[in-house]
Amino acid sequence: MAESVVASSASSCFSRSRSRSRSRAPTPSHSGSLTLRITPPFSSPINHTHLREPLSLFPRHPPLFLLVQSPATPTAASALDSDIPHPQVGAVQGSSPPAETSTLLRQWDSLTAKFSASSNIPFLLLQLPQIILNARNLLSGNHSALLAVPWLGMLTGLLGNLSLLSYFIKKREKEAVVVQTLGVVSIYVVVFQLAIGRAMPLPIFLVTSLVVATGLLLNFSNYFHLLPPSLWSIWEDFITIGGLSVLPQVMWATFVPYVPHSILPGSIACFIAFVAVLMARTGKLSEKGVRFVGAISGWTATLLFMWMPVSQMWTNFLNPENIKGLSASSMLLAMIGNGLMIPRALFIRDFMWFTGSSWAALFYGYANIVCLYSFNCISREFFLGATAGLLSWLGMALWRDMVAYGYNTPLRSIKELVYGP
């Protein structure tokens with residue numbers, strides 16, 4: 001802290017004044033407090049342009065396991081704070097992180113982002129066969145074939161993708177935003193085909209089109225900072241109420257006819273969600289309660305996708321002969337697409353994203369492959385290859401994350417993912 005000095009005295013007085021000014025300057029603090037450097041919203045939290053080593057999945061010189069956690073590691077967020085922008089790089093005042101560990105973090109950050117972006121390929125291949133088949137049936141005039149595609153299930157997936165799109169828009173995860181946008185567009189194409197073939201009520205299609213167009217416009221306006229916060233809050237309230245209403249209704253419908261047809265679960269959940277949102281907006285909830293309500297939309301979307309394998313396995317249990325109708329390649333693509341996003345979710349310590357991706361890879365993709373193998377629908381080589389690939393990928397993700405952070409056990413990464421730092 002330098003003080004202003006009036007140069008009207010002799011040079012010796014000026015020197016003494018400077019000496020006194022320096023003597024009053026505070027000494028740098030070495031308490032080890034963490035200072036976060038918040039980067040601009042469209043820039044990567046880690047500068048990749050200064051890497052001197054090529055990107056490598058398995059580093060040639062991993063850091064010694066005795067290294068402590070680098071001060072330049074992202075700070076984990078709790079489960080309720082999962083929708084905040086992904087943790088940025090911090091630095092401890094008066095110290096610098098080990099160069100090797102910092103480089104490994106940059107490499108792993110870049111690689112996990114590329115893995116997440118590449119998941120678009122299997123997800124696109126997963127939806128294309130249905131779109132092509134629908135187009136062929138429409139061109140041949142076989143509109144009744146489109147009745148085999150449940151439009152209610154399509155709407156559920158569409159709402160889930162829109163909710164997760166809003167979630168990743170807030171986190172500025174560009175690769176995940178592209179994945180969810182592709183999901184919204186591809187499902188809407190199927191819904192559009194169903195409406196043309198009169199396999200879906202026209203009024204519901206028109207309302208769906210309005211919601212999709214509004215959702216995409218609001219989400220990308222918010223991404224480019226063109227949307228007033230008040231409009232974004234209204235959209236978040238809408239997807240919160242919508243998601244919480246749909247989730248219990250879908251769960252209930254799974255067990256029909258063992259339970260009676262009823263809209264009561266969805267109606268009750270809709271009322272509870274409306275009251276919770278109203279209380280949060282009027283200041284009737286605590287800070288933690290407001291955060292909980294804000295996290296509902298992302299979690300309900302995740303739980304909707306997590307319920308899909310439960311519904312499929314329940315169907316397999318009730319009608320084992322229908323298992324032969326499952327596509328092994330589709331299950332493999334679902335496992336690969338979700339598996340590619342697991343390392344990124346682990347790296348940025350996003351518990352919700354990690355839970356949804358891991359669940360879908362294990363219980364939707366791989367579990368159905370196990371069912372297909374149990375009923376001799378796929379070869380032993382296919383099953384063993386899928387098993388070895390999944391286990392190797394999960395092991396690699398845990399090990400590589402441990403090495404990048406300089407930990408001595410992957411359990412520490414899991415602990416931070418669930419409970420925070």
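Eight salt bridges are present in the predicted model. One of them pairs the side chains of Lys170 and Glu236, with an N to O distance of 2.7 Å. This pair links distant parts of the chain, since Lys170 lies in helix H4 and Glu236 in helix H7, 66 residues apart. Glu236 has a relative accessibility of 16% and counts as buried.

A salt bridge also forms between the side chains of Arg344 and Glu173, at 3.3 Å from N to O. Arg344 belongs to helix H11 (residues 342–347), whereas Glu173 is placed in the loop between H4 and H5; the two are 171 residues apart, and the pair again links distant parts of the chain. Both partners fall under the 20% limit for buried residues: the relative accessible area is 3% for Arg344 and 1% for Glu173.

The salt bridge between Glu416 and Arg412 has an N to O distance of 4.0 Å. These residues are four positions apart in helix H14 (residues 410–419), so about one helical turn separates them. Glu416 is buried, at 6% relative accessible area, while Arg412 is partly exposed, at 35%. Through shared partners, salt bridges join Arg349, Asp401, Arg412 and Glu416 into one network.

The protein comprises 14 helices and two strands. Of its 421 residues, 43% are buried. Among contacts with a separation of 6 or more, 78% are between residues 24 or more positions apart. The exposed area is about 22100 Å², of which carbon and sulfur atoms supply 69%.

The largest nonpolar core contains 57 residues, and Trp108, Met154, Phe168, Leu194 and Trp353 have the most contacts inside it. When residues up to four places away in sequence are left out, Phe168 touches Glu173, Ala176, Val177, Gln180 and Trp353. Glu173 is thus named both as a contact of Phe168 and as the salt-bridge partner of Arg344. Another core, of 15 residues, lies apart from the largest one and includes Tyr366, Ile369, Cys371 and Phe383.

Helix H6 (residues 202–223) has 22 residues, for which a span of 32 Å is expected at 1.5 Å a residue; the end C-alpha atoms are 31 Å apart, in agreement with this value. Its buried residues include Phe205, Val212, Leu218 and Tyr223, as well as Gly215 and the polar-named positions Thr208, Ser209 and Asn219. The cover over the buried residues of H6 includes helix H4 (151–171), helix H5 (174–196) and helix H7 (229–254).

Two residues in the loops joining these helices have positive phi values. Arg172, in the loop between H4 and H5, has phi near 60 degrees and is not a glycine; Arg172 is buried, with a relative accessible area of 13%. His225 follows H6 and is found in the loop between H6 and H7. Its phi is about 60 degrees, although His225 is not a glycine either. His225 is partly exposed, at 48% relative accessible area. A cis peptide bond joins Val256 and Pro257, with omega about 15 degrees, and Pro257 is located in the loop between H7 and helix H8 (264–281).

The count of disulfides is zero. For Cys377, the nearest cysteine sulfur is that of Cys371, 9.6 Å away, whereas a disulfide requires sulfur atoms within 2.5 Å. Cys377 is partly exposed, with a relative accessible area of 30%, and Cys270 is likewise partly exposed, at 31%.

Methods
Residues numbered from 1 in each chain as written. Predicted model: local features only at pLDDT ≥ 70, side-chain atom pairs only at ≥ 80, totals over all residues. Heavy atoms only, no water. Buried < 20%, exposed > 50% of the residue type's maximum accessible area, 1.4 Å probe, protein only. Core = buried A, V, L, I, M, F, W, Y, C linked by side-chain atoms within 4.5 Å. Contact = heavy atoms within 4.5 Å. Expected span 1.5 Å × (residues − 1). Areas by Shrake-Rupley, 256 points an atom, 1.4 Å probe, with all protein chains shown as cover.
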